[in-house]
Amino acid sequence: LAETGTLLRVERARKQFGGVIAVNDVSFDVHAREIVALIGPNGAGKSTTFNLITGILTTTGGTIELHGRPIDNTPPQQVVKLGIARTFQHVKLVPDMTVLENVAIGAHLRGHSGALSSMLRFDRADEARLLAEATRQIKRVGLAAEIDQLAGSLSLGQQRIVEIARALCADPVLLLLDEPAAGLRHMEKQRLAALLRQLRDGGMSVLLVEHDMGFVMDLADRIVVLDFGTRIAEGTPAAIRTNPEVIKAYLGA
Ligand code: ADP
Ligand code: MG
């Protein structure tokens, strides 16, 4: 796998729902070892773009490539195997299971196409392997001390990090995060940002949708701005902050 250069290429991606063009020929790249933020007002097309990349939705035009190979219209399970893992806007942990169980079960379900068939084929060796991998990722994200605690007893910030550990079990090259900072306190945001920088510096790329501008401006290497399904700007946080088109979109002028 390439260590540098373009990892993800979104080229004139399009998604139309009846008369609504949710994503209107949007293009952007994510490079290796880069944190890219996708921002824009409500209804701009951010979630739809995520769903096109992860295979939850099929495109109605354009291409999406990972390592130069088309991945659009590939089923979500296959996209995960190709190296793209994601977390969701709302925490999807089982509150009365431990951190370890949550991460291991998530990793298990992620690697199989059908819950029933995967349970029938699941054996002790698989279980040991999953628990070892889950433990490794929990340590990697800095939650070793909480590994046997119930997920529901953790702070929201810690729960978000558990979800990242779960995504990391898929061994992704690209991590997609949907509003990871939403509802977090200042210290929790700082801890999350430090983790994402650590992952980037270890060779991973991160694409995040985020409304918290302070968080984005502090963390992102590059920002892509959508408005009404169209990419209206792209650049460094410093350039985006002063871009007249972006200011106009956010003020609704
Ligand atoms: P964002 O995540 O930036 O708030 P979305 O990608 O959710 O925006 O939505 C972009 C546009 O597409 C909106 O106008 C939304 O109403 C529309 N849209 C999203 N999903 C669907 C759907 N399944 N069916 C019809 N319209 C949709
Ligand atoms: Mg959305």
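## A paired strand, two domains and a ligand shell

In strand S5, Pro 70 is the bridge partner of Glu 65. This pairing belongs to a predicted model, and it is part of the contact between S5 and strand S4 (residues 61-66), which run antiparallel and are joined by two bridges. Both strands take part in an open sheet of four strands, whose order is S2-S1-S4-S5 and whose pairing is antiparallel. The edges of this sheet are formed by S2 and by S5 (69-70), each of which pairs on one side only. In general, the strands of a sheet pair through backbone hydrogen bonds, either parallel or antiparallel.

Beyond the sheet, the protein is divided into domain 1, which covers 1-83 + 172-253, and domain 2, which covers 93-170. The C-alpha centres of domain 1 and domain 2 lie 25 Å apart, and twelve residues of domain 1 are in contact with 13 residues of domain 2. On the side of domain 1 that touches domain 2, the elements giving two or more residues are helix H2 (76-82) and helix H7 (186-201), and H7 gives the most, with four residues.

Ligand 1 is surrounded by a set of residues that includes Phe 17, Val 20, Ala 22, Asn 42, Lys 46, Ser 47 and Thr 48. Strand S2 (20-31) and helix H1 (46-53) are the elements that give two or more residues to this shell, and the largest share, three residues, comes from H1.

The table sets out the classes of residue in the shell and on the domain 1 side of the domain contact.

| Set of residues | Nonpolar | Polar | Charged |
|---|---|---|---|
| Shell around ligand 1 | four residues | six residues | one residue |
| Side of domain 1 that touches domain 2 | seven residues | two residues | three residues |

Which residues have the most contacts inside the largest nonpolar core? They are Val 103, Val 162, Ala 165, Leu 175 and Val 206, in a core of 72 residues. Helix H6 (residues 156-168) supplies the largest share of this core, six residues, while domain 1 and domain 2 each contribute at least three residues to the core. Val 162 touches Leu 93, Val 99, Asn 102, Val 103, Leu 143, Ala 151 and Leu 154, when residues up to four places away in sequence are not counted. In soluble globular proteins, nonpolar side chains tend to be buried together.

Terms used: Residues are numbered from 1 along each chain as its sequence is written. Chains are lettered from A and ligands numbered from 1 in the order in which they are written. This is a predicted model: local features need pLDDT of at least 70, side-chain atom pairs count only at pLDDT 80 or more; totals for chains, interfaces and linings use all residues. A nonpolar core is a set of buried Ala, Val, Leu, Ile, Met, Phe, Trp, Tyr and Cys residues joined through C-beta atoms within 7 Å. A residue is buried if 20 or more other C-beta atoms lie within 10 Å of its own, exposed if 12 or fewer, and partly exposed in between; C-beta atoms are placed from the backbone. Domain bounds come from an automatic or database domain assignment. Two residues are in contact if their C-beta atoms, placed from the backbone, lie within 7 Å. A residue is near a molecule or strand if its C-beta atom, placed from the backbone, lies within 6 Å of it. Ala, Val, Leu, Ile, Met, Phe, Trp, Tyr, Cys and Pro count as nonpolar, Asp, Glu, Lys and Arg as charged, and the others, Gly among them, as polar. Two strands pair if DSSP finds at least two bridges between them.
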